[in-house]
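Colleague: I am new to this structure and should be grateful for a close look at a single part of it. Please take the strands towards the end of the chain, together with the loop beside them.

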Amino acid sequence: MSAGRFIAVMIASLILGFAGLNLFLRATLEGVRLDLTESQLYRLSPGALGMIDRLDEPVSLTLYYSRSEAAQYPAVRAYGARVRELLRTLVARSGGRLILQEIDPAPFSAAEDAAIAAGLSPLPTDDGGQIFFGLTARNAIDEARRIAFFDPRDEARLEYEIVRAITELERARTPVIAIATSLPLAPARGGTASNPIIADLAETYELIWLDEAFDAIPPEADALFLIHPEPLTDAQTYLVDQFVLSRGRVLAAVDPLSHVALKPGPDGLPPLRARRESDLAGLLSHWGVMYDVNTVAMDAEAGLPVQIQEAGRTRMRAYPLWFSVPPAGLDRDLPAVAALSRGINLGSPGALLPAPGLESRFSALILTGPDAARLDVDRAAASPSPEDLMRDYETAADAPLVLGARVSGRFASAFPDGPPAGEGVFAPGDHLDRSALDAEIVILADSDLFDPAFFQRNDPVQGLQVVADNLALVLNLADWLAGDPALVGLRARASSARPMVRVDQLRSEAEARYLTLEDQLQASLLDAEARLAELSRTGRASALGGAETAETVEADALRATIADARARLREIERGFRVEIDALERALMIWTLWIPAGGVILAGAGFGLYRRWRRP
């Protein structure tokens, strides 16, 4: 065999061998993944694995992704790869129970019509096109759920949203939430709730309202919401205790000063029997939470603007008792709150602390800023002015303060001796001493977050606008607590974006340096232009028709100064662009050319070495 034919056969053999090896590995290692990323980006959470193992019928997933359009936008393109990889991981782990189809909906095609019909929301592009980037999930009886658009800003909730869509398809019934509250949240008989949070909850869940004298919690309830409740009797406290031990999903919103409870009605008066404060005295401490109903928290740095009268004039001032908790103050590990981007608005909330010895079951969900303070609740109820609040403002020693917390684990009963005597009819044989499963309890130290006035604004031009994520917080917590047990086991996803921190730092330093010079030149330029305008206005800037004077000399000098300043400004702008271009060229050389050149040189050196060693 000639040397040329031998080389051709070898190349063909390598190609066929590579293709065969690829097919073999794909067939045998389809479900095998090795995740070496720092944040375990590609490892499924326990909740997702539990959901997959529980699937008993196939679910078809259809990813609509406009790949060619998305290629123009690096952030969307990178997130597209992230979403596709997560879906493939889920499908590979499912053993055939999840079926994935990917469609690139070309403009004016049947696939684009199908994406629109499925309810996906395309993203308009700069050139008039649109990017479809959503998912539909269908079960065997053609029930469907959709994710209208995968927003890169919601990457922390990516796994949560996909698992939720699948679990909603497999559930046999609508989850039930039992609600006990003293607030006027329940809709009128047969009507729709006027509160937007309750209205949205009612679209996804069956809500059962417990009256003030409730003597049982419906056995079909998946979660219990206690929203600024009436004081519980011993029997009702026992019912809540046993609910925690048996079903373990509770959201409690308590408040030392509830403005929404005291809000005047149409007659200008608060509702009859309106309660300023709420507490679950015997239960909170038993669960491991300390809560002082006599103090409220305030945060001067994050105060919401309020309208006040000052010296006969109406002004907007920040009010420390009503403040917003920014995204940085939310727990980034819990999917239910991790991706909230607008913050949570609160009104004179309480503060929570872990009970001594029970810190391990307590984790903060919502935190104030580092300069938060406490205030006596009676003084807060007197509606002090911002000046009064700031006069004695003193940062709390244990700031930041916890305004919302999660306690989890297995609990012992708060009634170790069995049901309370004298109230209700309880069968001692039904009494539980300890939790049958891990419980999840969320405590929010504010009830005003349910008031639309705290998270919606009616703009005369743009209409009703959402200004805070209060509604999303409650809906997400409801999904997390009542939606499906698998959702509890999910974690917030770390961002896959890897910003070029050093480059951004160098760019910022260059910008700051040039901006300082620019500001100095702009200031001298404005001064010169103002002085020249003054001389021109009085006719002293020109020597026409007369002898040269000190003013005309000064005007000529000012014109020269202005021309020089403008030239230097242009030079600064040009220098900034040159420096940034040089930085980008240097990066390209170090990241692209140097590594490639090193490989080439190493290969050439190795070849020369072998030739040198050849006899």
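Modeller: Strand S17, residues 362-367, pairs with S19 in the antiparallel sense, and five bridges join the two. Helices (H or I, at least four residues) and strands (E, at least two) are DSSP runs numbered from the N terminus, and two strands pair if DSSP finds at least two bridges between them. The model is a predicted one, in which local features need pLDDT of at least 70 and side-chain atom pairs count only at pLDDT 80 or more, while totals for chains, interfaces and linings use all residues. Residues are numbered from 1 along each chain as its sequence is written, and side-chain values use heavy atoms, with hydrogens and water left out.

Within the first pairing, Ser 363 is placed opposite Arg 406 of S19. S19 also pairs with strand S20 (residues 439-444), again in the antiparallel sense, over six bridges; there Gly 404 faces Leu 444. S19, which spans residues 402-409, is mostly covered, with seven of its eight residues buried. Buried means under 20% relative accessible area, exposed over 50%, and partly exposed in between (1.4 Å probe, protein chains only).

Strand S18 (residues 373-376) has two faces: Ala 373 and Leu 375 form the covered one, Arg 374 and Asp 376 the uncovered one. Four bridges join S18 to strand S12 (residues 295-298) in the antiparallel sense, and in that pairing Arg 374 is the bridge partner of Ala 297.

The loop between S12 and strand S13 (303-310) holds Asp 299. What is the nearest side chain of opposite charge to Asp 299? It is Arg 374, 13 Å away, and Asp 299 is buried yet has no salt bridge. For charge, Lys and Arg count as positive and Asp and Glu as negative, with His and the chain ends not counted; a salt bridge is a side-chain nitrogen of Lys or Arg within 4 Å of a carboxyl oxygen of Asp or Glu.

A polar atom of the Asp 299 side chain does lie 3.2 Å from the backbone nitrogen of Glu 301. Leaving aside neighbours within four places in sequence, Asp 299 is in contact with Pro 320, Phe 323, Thr 368, Gly 369, Ala 372 and Tyr 393, where contact means heavy atoms within 4.5 Å.

Definitions and conventions:
A polar contact is a pair of N or O atoms within 3.5 Å; within protein, one must be able to donate a hydrogen and the other to accept it, and residues adjacent in sequence count only if both atoms are side-chain atoms.
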